[in-house]
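The following note concerns the strand pairing and the helix packing in the structure shown below. The points are numbered for ease of reference.

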Amino acid sequence: MNLSDISTIRNVLSRHGFHFSKSLGQNFLINPDVCPRMAEECGLGKGVGVLEVGPGIGVLTAELCTRAEKVVSIELDSRLLPVLNETLSGISNIKIINDDVLKIDLHKLIEEEFAGLDVVVCANLPYYITSPVIMRFLEERLPVSAITVMVQKEAADRLCAEPGKRACGAVSAAVRYFSEPQILFGVERSSFMPQPNVDSSVIRLDVREEPAVQIQSEKNFFALVKAAFGQRRKTVLNSVAAGLSLTKEQVAQALDRAGIAQNSRAEQLSMEQLAAFSNELFSE
C-alpha cells in the first residue's frame, strides 16, 4: 500500500469514516522522500528499537519497521487504530499503544517493550505538543540515545539555536544542556495533507551522557535561564533581578564574579557563562 499516495490515503480514511482533527494537529505526509530519509538518519539498525509518537496512518511507521528490531507507536486518537491495523497489516515488529505521550509512564514503557535493545525516538510531532514532548523526553532522562522529530521550521530554528545567537531562547539552552541538536533537512508545507500554513524541519537531538555544563542545581539553573530570556529586550541584570525577585545588587555581584558584563543580554551568553552565572548567583 502506497501510503504517500493521496488517493490511497483518501480511500483508506473514507473506509474508516475518518476526518482530520485540527485540535490534534493532524497533517499526514504525502511526500514519498521524507519518511525514508527520517528513518535512515534517526540511528536505526540491528539491536535498536524505536519509539514513535503520533503515527498517523503509518507512513513513517512502515519505514521504521523495515530498519528497526521493534517499533512502538503511541497514538492518542483511537479513531486511527483500525486505520493502522489495515495500513500496517502483515508487519510483525510493530506495537500500537493508544495513549497520551504526555501522560503515559515512558520509563515503564521502554523497560517493558525494549528490553535488551538500544532505543531511539523518531516522530512526526503535532506542532501543538512539540516542546512539551521533547522536553519530557529530555528532562526525565529516558534511556534513549537520539530523538529525531519533524517540527515546525520556526520551532526547529529555536530548538537548535546556538548560544550567543539571536534565535537562542530558554528552550534552546535547555535542549542544548541535555543534547547536541542539529537540523537535518527542511520539509515544505506541500508535503502534507491537509497542507499546513508553515514549512517544517527534521531535527535530531543526540542525547548527552553528561550535561553540557556542570551546575550546582538544575532547578536553579533553569529558573535563571527562564528569567534571563523572559524579557529579551532587557539586560540579563534587569531581567534576572525582576524574574527571580532579587535585588540588582545581588545579580550584579554574581555577574561580576562570573566575569560577565552587566549590560549583556541573555542571547549573548554561552552555555558556560549561563552555568557560571547560575553557580555564582545561587552560591550562598
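1. Contact is taken here to mean heavy atoms within 4.5 Å. The model is predicted. In that sense, helix H5 (residues 106-113) lies across strands E2 (48-53), E3, E4 and E5, and runs at about 150° to E3.

2. A second helix, H2 (residues 34-41), lies across strands E5 (118-124), E6, E7 and E9; the angle to E7 is about 160°.

3. The strands named above belong to an open sheet of seven strands with mixed pairing, ordered E4-E3-E2-E5-E6-E9-E7. Its edges are E4 (94-98) and E7, each of which pairs on one side only. From one strand to the next, the twist averages 20°.

4. At the E4 edge, E3 (residues 70-75) and E4 are parallel and share five bridges. Within this pair, Ser 73 stands opposite Ile 96 of E4. As general background, strands of a sheet pair through backbone hydrogen bonds, either parallel or antiparallel.

5. Strand E9 is joined antiparallel to E6 (residues 146-152) by seven bridges, with Ile 203 of E9 as the bridge partner of Val 149. E9 also pairs with E7 (residues 179-187), again in the antiparallel sense, over eight bridges; here Leu 205 of E9 is the bridge partner of Pro 181.

6. Why can strand E9 be described as largely enclosed by the rest of the structure? Buried denotes under 20% relative accessible area. Six of the eight residues of E9 (residues 200-207) are buried, and the strand is therefore largely enclosed.

Conventions: Residues are numbered from 1 along each chain as its sequence is written. This is a predicted model: local features need pLDDT of at least 70, side-chain atom pairs count only at pLDDT 80 or more; totals for chains, interfaces and linings use all residues. Side-chain values use heavy atoms; hydrogens and water are left out. Buried means under 20% relative accessible area, exposed over 50%, partly exposed in between (1.4 Å probe, protein chains only). Helices (H or I, at least four residues) and strands (E, at least two) are DSSP runs, numbered from the N terminus. Two strands pair if DSSP finds at least two bridges between them. Axes are lines fitted to C-alpha atoms, for helices over the stretch in contact, and angles run from 0 to 180 degrees between N-to-C directions.
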